[in-house]
Amino acid sequence: MTKTTPSSTELPATTGPVLRPGDTGYDAEISGFQTAYTHRPAIVVAAAHAEDVRAAVEYAARHGLPVAVQATGHGLSVPADGGVLINTRRLTDIRIDAAARTARVGAGVQAGHLIEAAAAHGLAPLNGSSDSVGVVGYTLGGGIGLMAREFGYAADHVRAVEIVTADGRLRRLAPGDELFGAVLGTGGNFGVVTALELELVPVTTVYGGQLQFDAALVPQALEAWRLWTADVPEQLSSAITMMTMPNIPQFPERLRGRYLATVNIVYTGAEAEGERLVAPLRAVGELFSDNLRVMPYADSHTIYNDPPNPHPYTATNALLSELPADATDAFLEATGPQSPLPVVAGFRHLGGALGRPGPSAMEHREAEYVARAIAMPGPDDAAIADGLARIRKTLQPWTIGHNLNFLYGGGADADEAQTRAGYSDSGYDRLAALKSKYDARNLFRFNRNILPR
């Protein structure tokens with residue numbers, strides 16, 4: 001790619017501020033939820049509306065500069081070093097059409113704000129576990145939500161996409177358009193999405209929360225959950241996570257330093273049936289805590305209690321064709337308190353509607369589970385990378401690919417091979433052909449990058 005160096009007087013003509021390193025406000029614009037690393041662009045465009053985005057992309061294309069995009073910074077995978085960063089966090093417009101059960105959301109809208117707006121109409125979005133995640137970035141990565149087994153990927157419930165492509169055009173994509181399905185499930189590979197029109201579902205309350213088991217019961221809880229998931233209805237989505245709680249003041253004293261297994265449950269049926277369904281889990285033994293209850297959907301972020309504050313993290317995952325006892329035993333051995341690599345590790349139950357065809361680019365839909373391991377970066381990043389690689393190797397006999405939305409951390413691992421693992425060979429080749437057609441110079445490459453042919 002031929003690059004030119006823009007002069008200090010030649011900057012994108014935008015309503016929002018345009019900043020360079022050293023300018024007041026630059027550090028605030030590049031900061032995000034992920035603190036292990038951050039973008040270091042030559043120029044930041046703090047977009048105030050879609051036309052600012054269009055002007056920034058046109059400018060970057062004219063100068064041969066790569067483009068990065070950030071709203072909340074939760075899913076930062078490949079940090080920019082130079083180029084143009086477009087910050088979309090100011091694009092926070094939400095419009096609910098209650099009759100059509102849809103929402104149009106700007107690229108800066110966080111899940112919690114959409115949940116609140118939809119709840120006023122007796123509706124809910126297909127959001128994930130954290131209410132501070134950006135709706136657009138989450139959906140472009142596929143979106144395995146709280147009710148995923150019942151409704152499938154959030155990306156399959158998009159009605160329209162507003163996007164600025166590498167030619168500087170603001171387009172509105174609808175089902176049937178060549179780029180529509182390719183954009184959904186591939187992150188930001190095809191442009192800067194300024195807004196999405198999403199389907200909402202008629203859910204006002206759910207039965208859910210957490211069951212926690214202390215260290216002595218962790219293996220039994222994991223085995224009970226594994227067997228239990230074989231027969232639960234699609235209206236029930238769940239996960240199990242094992243971790244040693246940090247011994248820090250921010251955690252309640254009774255939790256600090258404890259190794260616990262937490263089962264997260266979301267059920268859209270009646271409370272009595274929910275109680276019946278979870279009985280086999282409660283029968284494992286004395287619970288460390290049990291807060292299962294009927295709650296308004298607006299409180300659904302409490303089911304996972306994701307950390308609310310920015311922090312560093314890196315992670316890996318594996319989409320699994322099945323989950324035999326051999327797999328859970330090996331995983332527990334590799335990630336438990338005896339492991340040299342402290343991790344938050346566990347499984348999420350897939351299947352159900354996630355396994356059915358949809359319009360997005362999401363593949364490996366036959367996966368029944370996804371295994372995840374999240375670690376905190378430290379002084380020896382190589383040792384952490386090796387530890388996560390050993391966890392992947394442990395699960396290799398049952399692995400059919402990776403979920404790109406659950407991969408956190410850049411570096412050498414964020415290569416074409418890793419991106420290919422998110423798709424079938426034919427699916428990746430089709431996407432690469434479209435990348436060549438719409439972004440031949442790979443302007444949008446600070447992501448799990450699909451290389452142009």
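## A tour from helix 3 to strand 4

In this predicted model, begin by selecting helix 3, residues 111-119, where the buried residues are Ala111, Leu114, Ile115 and Ala118. Look down the axis of helix 3 and you will find these residues on the same side, because they cover an arc of only 100° around that axis. In general, an α-helix has 3.6 residues a turn, so residues three or four places apart point the same way.

Keep those side chains displayed and add their surroundings: the buried residues of helix 3 pack against strand 5 (94-97), strand 6 (102-106), helix 4 (135-140) and strand 9 (192-199).

Next, select strand 5 and strand 6 together, which pair in the antiparallel sense over 4 bridges, with isoleucine 96 having alanine 103 in strand 6 as its bridge partner. The two strands form a hairpin with 4 residues between them, and in the turn you can pick out arginine 101, which has a positive phi of about 55°. Strand 6 is largely enclosed by the rest of the structure, because 4 of its 5 residues are buried. Add strand 9, which pairs with strand 6 in the antiparallel sense over 5 bridges, and find glycine 106 with its bridge partner in strand 9, alanine 195.

Now move to strand 4, residues 84-87, where Val84 and Ile86 point one way while Leu85 and Asn87 point the other way, and all are buried. Strand 2 (residues 43-46) runs parallel to strand 4 and is joined to it by 4 bridges, and strand 3 (residues 67-70) also runs parallel to strand 4, joined by 4 bridges. Finish at asparagine 87, which stands opposite alanine 46 and is the bridge partner of glutamine 70.

Conventions: Residues are numbered from 1 along each chain as its sequence is written. This is a predicted model: local features need pLDDT of at least 70, side-chain atom pairs count only at pLDDT 80 or more; totals for chains, interfaces and linings use all residues. Side-chain values use heavy atoms; hydrogens and water are left out. Buried means under 20% relative accessible area, exposed over 50%, partly exposed in between (1.4 Å probe, protein chains only). The arc is that of the directions from the helix axis to the C-beta atoms. Contact means heavy atoms within 4.5 Å. Two strands pair if DSSP finds at least two bridges between them.
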